[in-house]
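The exercises below are meant to be worked through with the sequence and the 3D structure in view. Try each task before reading its solution.

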Number of protein chains: 2
Amino acid sequence: MQIVRSVAAMQRLAREWRRAGERVGLVPTMGYLHAGHLSLVQRARQLVGQRGKVVVSIYVNPTQFGPNEDFSHYPRDLRRDARLCREVGVDVIFAPADEQMYPRGDGTGFSTFVIEEALARGMEGKSRPTHFRGVSTVVAKLFNIVQPDLAVFGSKDYQQAAIIKRMVRDLNFPLKLVVAPILREADGLAMSSRNKYLVGDLRAQALVLRRSLQRVQAAVRQAARPVPASRLKVELKRFVERAPAARIDYVEFFDPETLVPVPKVKRGVQVALAVFIGKTRLIDNARL
Amino acid sequence: MQIVRSVAAMQRLAREWRRAGERVGLVPTMGYLHAGHLSLVQRARQLVGQRGKVVVSIYVNPTQFGPNEDFSHYPRDLRRDARLCREVGVDVIFAPADEQMYPRGDGTGFSTFVIEEALARGMEGKSRPTHFRGVSTVVAKLFNIVQPDLAVFGSKDYQQAAIIKRMVRDLNFPLKLVVAPILREADGLAMSSRNKYLVGDLRAQALVLRRSLQRVQAAVRQAARPVPASRLKVELKRFVERAPAARIDYVEFFDPETLVPVPKVKRGVQVALAVFIGKTRLIDNARL
């Protein structure tokens, strides 16, 4: 397995693979890998085959963090990540430094952004106003650097996956986007690098995200007719905030394709929520 | 020579070329080709070689026209364009319909844009507020559809070339951007598809763009010290508007790399201007 640090070296490699007709799969991550990431790697491997190339990018992208968010403490451990990647048969880790991704110093700063303007408005986009423009921009860069035939994203951030899918369609990126299901701990907590922040009793309280989704799911499935979203939001918020360290950031019920909020909730509607557990902000979602 | 109408067919062709290791050069145009375009084609041919592939895209991109601009009357003549392209040895014309580039109808409209936020602010960006986001977005799409090794742009729109160059750098498009010099008519008028609008006496009046640039050039070269931009602007405007149908839209003196306006003008500074000749808006530029 190779660890590539520079954009130019990664593009050279991509060009060689292109010429050799290799199939290339990319799994973009911010590192501090967990089993969820590794399931994406396995999916990429299945899709490109044993002779194909699987690239994991590891980059904590500064432009997708807001000024008061956890960019500086976001967990990083490249040695551990490299070991895990080697174990699951990754071919290349692309782990660029910030100066590689956002070069400065020549007096002409970075100034081009990819901006999705419809799906990115609500939910995460509302809570974290510059988040998605950071995400779509860095993903466009990674696509141009690695030039994969396919890219595999998780779906814990449902909105993010939808935005990247839209970007691929709108800008005609020549690749297939694969969105894989959320991987969960045995007790149901969605896997996340940020779960590391959940010390002591907070870890148990974090279960409230998944449980609240399951409750809504049951309620909607049992209801004789569509249920007003406003009522479900109130109930869900009340349930979540019974956990003493939990505070709802948002909960939304929406069309799974257009992400437009729905006033009446029935089967097939998507629900997503963000909850602070102490200082740690976690997200989860489900199809009802 | 092949005329390709669909994005999918163009991407299939690009994929075949990629596999075969062909070098591909792209010349993006809005059609109604003139000798300036053909000089870009020849440049592309030189660079990819006789065995390489030269693609000319012909697409009058609606998203780069403002509501009161000339989108609907912009000159179009694909048969003539195809003949010219065949004569100069183009391999493929990519001429998509609007439904190919901006599909609708599935209830999820186009919503992803590439936006350059520094260089695009002044000049054309100020006069035509949504112009450059239309340009950078469609060019990103063309790059992803044709996947060229190099793309050749003219420099009549100096700011556009600078923005595309910045976009290629910032988003890591795996291609080389080539910016070719302005081609001019025998009397000095910069070649443009819009010159077709210059009927009767307007054609002669349009010479005022080039002549005003030459006057400034001479003045700056003769001056013992840097000349205030404000003074040059007043003089240039006065000179241009001696032509009865001419009205200055803007004139700017700026750093050729950062496009930042300079207060004092000396050799090496770039000047660009836009002038209405009757209803026709023309642009030109020069290095001082």
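**Exercise 1.** Which residue follows α2(A), and what is the sign of its phi?

*Solution.* The model is a predicted one, and the angle is read from its backbone. The residue that follows α2(A) is A:Gly49, and its phi is positive, near 85 degrees.

**Exercise 2.** Compare the expected span of helix α2 of chain A with the distance between its end C-alpha atoms, and then find what covers its buried residues.

*Solution.* Begin with the length: helix α2 of chain A takes in residues 35-48, which is 14 residues, and at 1.5 Å a residue these should span 20 Å. The expected span is 1.5 Å times one less than the number of residues, so the count is reduced by one before multiplying. The end C-alpha atoms are 20 Å apart, which agrees with the expectation.

Next, list the buried residues of α2(A), which are A:Gly36, A:His37, A:Leu40, A:Val41, A:Arg43, A:Ala44, A:Arg45 and A:Val48. Finally, look at what lies over them: the cover includes the chain A elements β2 (24-29), β3 (53-58), β6 (150-153) and β7 (176-179).

**Exercise 3.** Describe the side of chain A that touches chain B, beginning with the number of residues in contact.

*Solution.* The count comes to 31 residues of chain A in contact with 31 residues of chain B. On the chain A side, α1 (7-20), β5 (112-116), α6 (131-146) and α7 (158-170) each supply at least two residues, and β5(A) gives the most, with five residues. Sorted by character, the residues of this side of chain A divide into 13 nonpolar, ten polar and eight charged.

The strand β5(A) can then be followed across to the other chain, where it pairs with strand β5 (residues 112-116) of chain B in the antiparallel sense over five bridges. Within this pairing, A:Phe113 has B:Ile115 as its bridge partner.

**Exercise 4.** What turn and what shift lay chain A on chain B, and how are the two copies therefore related?

*Solution.* A turn of 180 degrees with a shift of 0.0 Å along the axis lays chain A on chain B, with an RMSD of 0.0 Å. The two copies are thus related as by a two-fold rotation axis. In chain A, the C-alpha nearest this axis belongs to A:Val114, at 2.2 Å from it. As a last step, 100% of the interface residues of chain A are also interface residues in chain B, so the copies meet through the same surface.

Note on methods:
Residues numbered from 1 in each chain as written. Chains lettered and ligands numbered in written order. Predicted model: local features only at pLDDT ≥ 70, side-chain atom pairs only at ≥ 80, totals over all residues. Helix = DSSP H or I, 4+ residues; strand = E, 2+ residues; numbered from the N terminus. Buried ≥ 20, exposed ≤ 12 C-beta atoms within 10 Å, placed from the backbone. Contact = placed C-beta atoms within 7 Å. Nonpolar A, V, L, I, M, F, W, Y, C, P; charged D, E, K, R; others polar. Pairing = 2+ DSSP bridges. Least-squares fit on C-alpha atoms with pLDDT ≥ 70 in both.
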